[in-house]
Amino acid sequence: MAKPTSMERYAEKFPRSKEMFEKAKDLVPRGVAHDAWQVSPFPLFMKQARGSHIWDVDGNEFIDYYGGHGGMMLGHAHPVVVRAAQEQLEKGVQLGTGCDLMLGWAGIIQRLVPSAERIEFMNSGTEAIMYGVRLARAHTGRKKIIRFQFHFAGAYDAVTVGYKKPFQVSVSGGVLPSAVEDTIVLPMNEEAALEEALRNRDVAVVMVEAAGASSGVVGIKPSFYQTMRELTEKYGTLLLFDEIVTGFRYSPGGVQAAVGVTPDLTTLGKGITGVMPGAGAIVGKKKVMEMFLFQDEDWNRYRRVSHFGTFNANPLCAATGIAYLDIIATGQPTKEANRNARTLRDGMQGKLDEREIPGCIYDGNFSVVHVYLGKCDLQGQCDRGVCVNAEKERPSEVGEALYRNFALQGVKTAVRGFDLFLSAVHSKEDLARTIRAFGNSLDTMIEEKVFK
Ligand SMILES: Cc1ncc(COP(=O)(O)O)c(C=O)c1O
């Protein structure tokens with residue numbers, strides 16, 4: 001009898017996920033609630049998680065490397081954070097006015113994030129981006145915004161171009177051409193292109209995923225941070241770092257604290273609570289954030305940036321945010337997650353090298369490990385930290401094959417097996433098992449002729 005393929009073994013090992021996916025499609029059009037959760041032939045359905053582990057509806061246990069889409073540095077259900085949430089649930093979760101906990105929460109953010117002279121809370125990363133763009137346009141009186149190729153920034157209309165080729169076409173139906181016609185998409189790390197685009201002094205903001213596209217898949221040259229700062233200042237444009245993943249992960253103060261370049265605005269999201277759902281923030285320089293201030297009638301009606309949101313700065317998110325960020329502020333979680341990423345990166349690279357498969361495992365010099373399988377002209381010229389090769393391709397079918405093979409061995413990655421988010425609570429045993437699983441996955445993928 002022929003050996004079952006990994007696709008067949010996947011269907012056999014996760015029957016309840018398959019069943020749920022089919023049933024879910026009668027309720028939720030795609031069967032899942034986020035585009036990035038779709039995977040062939042069906043996504044896994046999970047039931048619970050604790051620390052670095054997660055369990056599916058069939059009772060299988062996995063090491064989790066998605067970590068709340070990158071927001072969790074302390075793993076799932078950290079006891080201190082859970083206690084803070086439980087206590088607050090009993091005290092109320094929406095008090096309909098100012099709340100004492102907001103001060104403590106904003107205070108920690110102000111202390112940690114260099115650009116956070118003022119903070120406004122909202123409910124998601126997408127919302128933070130939306131307010132960032134609106135604020136920049138209102139403050140500068142300019143319409144255009146600049147984004148970089150492949151950078152992700154959530155679901156707000158104006159930023160739905162740039163993430164995927166062709167870069168000038170929105171990734172979504174229903175987005176009006178007028179919503180994206182003022183969004184300019186540029187290649188990353190190219191000083192001349194950036195200066196050319198800024199020269200007319202009509203750009204409100206340059207927005208950048210702070211560690212590069214998709215948490216560092218295509219990274220940023222260290223010198224380019226300063227270039228962006230100098231050029232935006234020269235042409236009166238604001239600089240916005242999207243630190244929705246990197247804030248409180250790259251360092252307790254995000255990329256900006258680590259590289260020593262302070263943007264005018266910063267978007268924060270999942271990382272400000274360690275992923276208690278429903279939190280985001282736009283933070284920035286006082287003079288820009290003052291667009292939110294109430295002043296005279298004329299200003300309030302015609303110039304001020306309005307801000308609503310039933311759950312803004314709600315005490316449940318504030319309580320968990322304080323508990324979480326107090327631990328992050330020690331710096332210890334960053335060190336441990338970075339060390340774990342390095343161990344995984346080097347171990348996985350060893351598995352590629354043993355098999356003489358061209359490719360690279362790199363970590364952007366922080367705690368997200370990326371897999372690239374293929375040739376690279378820059379190989380040997382870099383230290384597998386920041387990768388600036390924007391030409392490399394990561395085909396979906398290869399990423400999904402890696403995801404399925406990892407899953408069969410109890411390792412849960414982001415949906416394509418190419419990205420692994422580390423936390424401070426992944427154990428040595430977790431890492432060793434993952435490295436072995438990567439080697440075995442490569443062997444199966446070679447056997448099944450996944451690599452062209
Ligand atoms: C860099 C970046 N920006 C923005 C967003 C959007 O955040 P949210 O999913 O909270 O709307 C994400 C989400 O993954 C992100 O990674």
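## Strands side by side

Let's start in a sheet: strand β5 and strand β6 (residues 183–186) run in the parallel sense, joined over 4 bridges. One of the pairs to look for is Ile145, whose bridge partner in β6 is Thr183. Before going further, keep in mind that this is a predicted model.

β5 also has a partner in strand β7 (residues 203–209), again in the parallel sense, over 3 bridges. Here you can find Lys144 standing opposite Val203 of β7. How much of β5 is buried? For this strand, which covers residues 144–148, the count is 4 of the 5 residues, so the rest of the structure largely encloses β5.

## Helix α5

Now turn to helix α5, which covers residues 125–140. You can check its length yourself: at 1.5 Å a residue, its 16 residues should span 22 Å. The C-alpha atoms at its two ends are 22 Å apart, which agrees with that expectation.

Is α5 mostly out in the open or enclosed? Because 12 of its 16 residues are buried, the helix is largely enclosed by the rest of the structure. A residue counts as buried here when 20 or more other C-beta atoms lie within 10 Å of its own. Among the buried residues of α5 are Gly125, Ile129, Met130, Val133 and Leu135. The buried set also includes Glu127, Arg137 and His139. Just after the helix comes Gly141, with a positive phi near 70 degrees.

## Around the ligand

The ligand is a good place to look next. It is surrounded by 15 residues, and the closest are Ser124, Gly125, Thr126, Gly154 and Ile244. Which element gives the largest share of this shell? That is α5, with 3 residues. Gly125 therefore appears twice in our tour: as a buried residue of α5, and as one of the closest residues to the ligand.

What kinds of residue make up the shell? By class, there are 7 polar, 5 nonpolar and 3 charged residues.

## The whole chain

Finally, step back and view the protein chain as a whole. Its secondary structure comes to 16 helices and 14 strands. Along its principal axes, the C-alpha trace spans about 80 × 55 × 45 Å. A compact globule of 452 residues would have a radius of gyration near 22 Å, and the chain has 22 Å, which agrees.

Buried residues make up 47% of the 452 residues in the chain. Consider, too, the contacts between residues at least 6 apart in sequence: 72% of them join residues at least 24 apart.

How values were computed:
Residues are numbered from 1 along each chain as its sequence is written. This is a predicted model: local features need pLDDT of at least 70, side-chain atom pairs count only at pLDDT 80 or more; totals for chains, interfaces and linings use all residues. The expected span of a helix is 1.5 Å times one less than its number of residues. A residue is near a molecule or strand if its C-beta atom, placed from the backbone, lies within 6 Å of it. Ala, Val, Leu, Ile, Met, Phe, Trp, Tyr, Cys and Pro count as nonpolar, Asp, Glu, Lys and Arg as charged, and the others, Gly among them, as polar. Two strands pair if DSSP finds at least two bridges between them. The radius of gyration is taken over C-alpha atoms; the globule rule is 2.2 Å times the number of residues to the power 0.38. Two residues are in contact if their C-beta atoms, placed from the backbone, lie within 7 Å.
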